[in-house]
Amino acid sequence: MKRFFHKFVIGYFDTLSYRHYKSQFKSYLHNLGCENKSCPGEDEYMRKWRALSNDVEPYSYRLFSQYCGNNPYIVPEGVARRCIEPVLNPPRFRSFYGDKNMYAVYLNKNRMPTTILRRIGGGTFLDADFTPNIDFFFDKDGRVVTLEYDRLILKPSIDSSSGVGVMLFKNKGGRYLSSDGKSELTKSFLEGYSDDFILQEAVEQHPYISQFCKTAVNTLRIAVYRSVADESVNVVGAVLRIGRDGSFVDNGHRGGRFVGVNLESGALGHYVCDQYGNKATQWNGVDFSSADYSIPNWPAVVDFAKYVGRSNHHMRWLALDVALGKDGSPCLIEYNCGGFSYWLFQFSGMPAFGRFTDEIIDYCSKRKPQKAIIIA
């Protein structure tokens, strides 16, 4: 009975997933003025992805072929979430690897923003080395004492996708006030903010990257895959996310735009997209069609992304958010090990798994996805 109920629940959510993406991409096609009808290469696409699931909707192909061409490697997001992610990134390990407070356990903390304090599971406040030291953090009035830093970023260490809960605080006369002026960084504020958070120095980005949006740290979203065939770590996709002038976040769901990055050279594409696939050649006064922009120190960025991918022993498929510091050094802001935004890469003209698509399909088709739902 338990096995039947488990199968029923999983099947129910798989059906919801299929219907969600079918509806989403159909609406995108309509809003973009694209014809919703079978197009060249669709049959090959459907045959390829049916190796993983019978529930393959054609609408993602019809949408993303407008950007990637008639390419069967275009990833159907629903199939990827149901049949690939749970195999490459077993859900049982995601709560550990997905916690930003755990990065310092297995990654070089010098390759991340400076951590001021952290909180785990509603416990006492900890320093960067996980040591409790309340007196070090606060003055007699309960205000955070880190006056050597002009700007601080506060964010949940778990479940902070799309920039939800992220706050910027600026030092004004020895007091850290939020960018909207409504909150002050104090002990009592932090106690009510979240049971799991991390407070870090805000990254000062490279001046070249700053030209695209000065008010936000414009991060590189880099897709990294550790091969099931030979354990090599590979960068398979990259975009630069660019905030809207005046905003301190660069997320597409919060009004930002993104532009594709050539994986070999680091050169930027000649158009930006929003989260719905609307193209533009200009953003924040920058004309991407008339100049050849490139990411500085790109080989070092690629090497850094591979280092992070190699350090996550249970996760084969990661989406990194990497900032380029003022000295050109890559800095890890966070990464995702579930719920990937495949559309970021595919709106930018690159199928999300690249040349490893067949390898991934073959591997995942022979294995049963590990489910996050546990029934005692």
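## Local features around Ser157

Ser157 counts as buried at 0% relative accessibility, where buried means under 20% relative accessible area, exposed over 50% and partly exposed in between (1.4 Å probe, protein chains only). The structure is a predicted model, in which local features need pLDDT of at least 70 and side-chain atom pairs count only at pLDDT 80 or more, while totals for chains, interfaces and linings use all residues. Residues are numbered from 1 along each chain as its sequence is written, and side-chain values use heavy atoms, with hydrogens and water left out.

Ser157 lies in the loop between β2 (151-156) and β3 (167-172); helices (H or I, at least four residues) and strands (E, at least two) are DSSP runs, numbered from the N terminus. The side chains of Ser157 and Asp99 are joined by a polar contact of 3.3 Å, a term for a pair of N or O atoms within 3.5 Å in which, within protein, one must be able to donate a hydrogen and the other to accept it, and for which residues adjacent in sequence count only if both atoms are side-chain atoms. When neighbours within four places in sequence are left aside, the residues in contact with Ser157 (heavy atoms within 4.5 Å) include Asp99, Arg119, Phe197 and Ile198.

Strand β5 (residues 197-201) is mostly covered, since 4 of its 5 residues are buried. Strands pair if DSSP finds at least two bridges between them; β1 and β5 run antiparallel and are joined by 4 bridges, with Arg118 having Ile198 as its bridge partner in β5. The pairing of β2 with β5 is also antiparallel, over 5 bridges, and here Leu152 stands opposite Glu201.

Two residues that are not glycines have a positive phi, as tabulated below.

| Residue | Phi | Loop | Relative accessibility |
|---|---|---|---|
| Phe130 | about 65 degrees | between β1 (115-119) and α7 (134-137) | 29%, partly exposed |
| Asn297 | about 60 degrees | between β12 (286-287) and α10 (298-311) | 40%, partly exposed |

Elsewhere, helix α4 (residues 77-88) packs against helix α12 (residues 357-365) at an angle of about 85 degrees, with their axes 10 Å apart; axes are lines fitted to C-alpha atoms, for helices over the stretch in contact, and angles run from 0 to 180 degrees between N-to-C directions. That angle makes α4 roughly perpendicular to α12, a label that covers 65 to 115 degrees. In this contact Cys83, Ile84, Val87 and Leu88 of α4 meet Ile360, Tyr363 and Cys364 of α12, and the residues divide into 7 nonpolar, no polar and no charged.

Technical notes. Angles under 35 degrees count as roughly parallel, over 145 as roughly antiparallel, 65 to 115 as roughly perpendicular and the rest as oblique. Ala, Val, Leu, Ile, Met, Phe, Trp, Tyr, Cys and Pro count as nonpolar, Asp, Glu, Lys and Arg as charged, and the others, Gly among them, as polar.
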